[in-house]
Amino acid sequence: MRYQLDAQQQQFKQEVETFLADALPKDIAAKVKAGAGVSKQELAQWTRILNDRGWAAPHWPQEYGGCGWNLVQRHIFDVACRAAHAPQLSGFGFNMVGPAIAKFGSEEQKQFFLPKIRSAELWFCQGYSEPGAGSDLAGVATRADRNGDDYIINGQKIWTSGAEDADWIFALVRTNHDVQKQKGISFVLFDLSSPGVSVEPLYAFNGKRLWNQVFFEDVRVPISQRLGEEDKGWTVAKSLLGDERLLVSRVSENKRILSIVDEVVAAMVQRGVELPQSMRQKRLQLDVRLQALEMTSLRILTEADAGGQIGAEPSMLKLKGSELVQDQDALLFELIDYLSLPLDRKRVEHGFTAPAWSEYVASGRYHHRGYTIAGGSSEVQHNIIAKQVLGL
Ligand SMILES: Cc1cc2nc3c(=O)[nH]c(=O)nc-3n(C[C@H](O)[C@H](O)[C@H](O)COP(=O)(O)OP(=O)(O)OC[C@H]3O[C@@H](n4cnc5c(N)ncnc54)[C@H](O)[C@@H]3O)c2cc1C
């Protein structure tokens, strides 16, 4: 069984692919393909191009620059962008705090933040996790105490991705200590250059700066920079992703990795290296899992577009999609190992060298390790499925 795009969806896909072929700068796509990472300037350039077409924030309400696409269209757009090696815009601004401001913000907040986020003029990072609050996020201890028209913020965030590039942070802080944990949290936005904020790097074991710790010492934040009501930050945090929660299957990314697997295989075949049967079988199994994942995603997105209720589906999609990324990385690693066997003299004499993307594969694999942890670990997703689907 296959999920077939209907004629309108096919036409939309074509439109997106044509746009990408014309508008995506080749040098940026080449960098993304090589896994080299793009600069803030290059990302701003791509954001400008998308804005000119009206596609930088397609999922935002139309009055703030959205274009009214449904979830299936967004899936098609995402897959096409990844296949063309377009860089991804900052998820913290475009996918998280932007829609939250559109939903919970005052008119003044909307007017100030939304155009700046959409033009990539203002970058956000996410200050949720703390040393004592990860899976159990309601345990946040960073405190915000009222002082006149301001909050005074003290505490610490950890695993803050991208804080080194961000201008502002959206953070969960405790404003009430005398109520049930979830009920005393507020959602605040503030400038990372405020006095009392310090950002310290955390490096992954391959030496890349993947995260930060962010410390707050008597940071003065105007109460007007709170999003939503005081002590109701949990509601804002929970709704942060809204329907976005369904776009977590990483189908587009999985397709991109599978295409790299196939490039490696093609390079092997070209060099006369026969692919071992075990690896061929693994590649086929991954492909079948990917097809099943995409079909399931599209079925669920179609149901949601038609107004269906969302239950544990986001957990299932996240679990399967993130596990698949990691299993594909493992095969890619195995293949490259096999292709690069450094001590095989005969191979070296025949001109075998490590493929250009070997480095990307290694750093990608380390980075992707976090996929089954960030945004709710696999164990936590299993708990949700056990409770909501199996009734355990
Ligand atoms: C790549 C990456 C990027 C991140 N970026 C950000 C960011 O930008 N901003 C931010 O705020 N945070 C970020 N995080 C942090 C992330 O949200 C937390 O790591 C995650 O919520 C888990 O929390 P923890 O690390 O404290 O682990 P813990 O919650 O301490 O969990 C430790 C282990 O116990 C298991 N466990 C916990 N509770 C249960 C349970 N009830 N049942 C069964 N098992 C359980 C977990 O699955 C895990 O294996 C990022 C994490 C990663 C990996």
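Reader: Which residue of β5 stands opposite A171?
Author: In this predicted model, A171 stands opposite V188 of β5.

Reader: How do the two strands pair there, and over how many bridges?
Author: Strand β4, residues 168-174, pairs with β5 in the antiparallel sense, and the pairing extends over seven bridges.

Reader: Does V188 have a partner elsewhere, and which residue in β8 is it?
Author: The bridge partner of V188 in β8 is R226. Strand β8 covers residues 226-227 and pairs with β5 over two bridges, in the antiparallel sense. V188 therefore has A171 opposite it and R226 as its bridge partner in β8, while β5 is largely enclosed by the rest of the structure because six of its seven residues are buried.

Reader: What about D191 in that strand, buried or exposed?
Author: Neither term applies: D191, which belongs to strand β5, counts as partly exposed at 28% relative accessibility. The cut-off for buried is under 20%, so the 28% of D191 does not meet it.

Reader: Which residues does D191 contact, leaving aside its neighbours within four places in sequence?
Author: On that basis D191 is in contact with D167, W168 and V197. In addition, the side chain of D191 makes a polar contact with the side chain of S193, at 2.8 Å.

Reader: And how many Å separate the C-alpha atoms of D191 and R74?
Author: Their C-alpha atoms are separated by 31 Å, and the two residues are 117 residues apart along the chain.

Reader: Moving on to β6 and β7, how many bridges join them?
Author: Seven bridges join β6, residues 197-203, to β7, residues 209-222, and the two strands run antiparallel. One of the pairs is L202 with its bridge partner W211 in β7.

Reader: Which residue in that hairpin takes a positive phi?
Author: G207 takes a positive phi near 85 degrees, in a hairpin that has five residues between the strands.

Reader: That one is a glycine. Which residue has a positive phi of about 70 degrees although it is not a glycine?
Author: That residue is D231, located in the loop between β8 and α7. R250 also has a positive phi, of about 55 degrees, although it is not a glycine. As background, most residues other than glycine have a negative phi.

Reader: Where does R250 lie?
Author: R250 lies in the loop between α7 and α8 and counts as partly exposed, with 29% relative accessibility.

Reader: Now the ligand. Which residues come nearest?
Author: S135, W159, S161, S377 and E379 come nearest, out of 16 residues around the ligand. By class, this shell has six nonpolar, nine polar and one charged residues.

Reader: Which atoms of S135, W159 and N383 are involved with the ligand?
Author: For S135, a polar side-chain atom lies 2.6 Å from an oxygen atom of the ligand. For W159, a backbone N or O atom lies 3.1 Å from a nitrogen atom of the ligand. For N383, an N or O atom in the side chain is 2.9 Å from a nitrogen atom of the ligand.

Reader: What percentage of the ligand's area does the protein bury?
Author: The protein buries 64% of the 980 Å² that the ligand exposes when taken alone.

Reader: Different topic: is T142 buried or exposed?
Author: T142 is buried, with a relative accessible area of 1%. Its place is in the loop between β1 and β2. The side chain of T142 makes a polar contact with the side chain of E130, at 2.8 Å. Leaving out residues up to four places away in sequence, T142 touches ten positions listed by name, including I153, L172 and F216.

Reader: And in the helices, where is V261?
Author: V261 is in helix α8, residues 251-270, and is buried with a relative accessible area of 0%. Beyond its neighbours within four places in sequence, V261 is in contact with R283, Q328, L331, L332 and L335.

Reader: Last one: what does the side chain of S297 make a polar contact with?
Author: The contact is with the side chain of S249, at 3.2 Å. S297 lies in helix α9 and is buried, with a relative accessible area of 1%. Apart from neighbours within four places in sequence, S297 is in contact with S249, V251 and L317.

Methods. Residues are numbered from 1 along each chain as its sequence is written. This is a predicted model: local features need pLDDT of at least 70, side-chain atom pairs count only at pLDDT 80 or more; totals for chains, interfaces and linings use all residues. Side-chain values use heavy atoms; hydrogens and water are left out. Helices (H or I, at least four residues) and strands (E, at least two) are DSSP runs, numbered from the N terminus. Buried means under 20% relative accessible area, exposed over 50%, partly exposed in between (1.4 Å probe, protein chains only). A polar contact is a pair of N or O atoms within 3.5 Å; within protein, one must be able to donate a hydrogen and the other to accept it, and residues adjacent in sequence count only if both atoms are side-chain atoms. Contact means heavy atoms within 4.5 Å. A residue is near a molecule or strand if one of its heavy atoms lies within 4 Å of it. Accessible areas come from the Shrake-Rupley method with a 1.4 Å probe; for residues, only the protein chains shown count as cover. Ala, Val, Leu, Ile, Met, Phe, Trp, Tyr, Cys and Pro count as nonpolar, Asp, Glu, Lys and Arg as charged, and the others, Gly among them, as polar. Two strands pair if DSSP finds at least two bridges between them.
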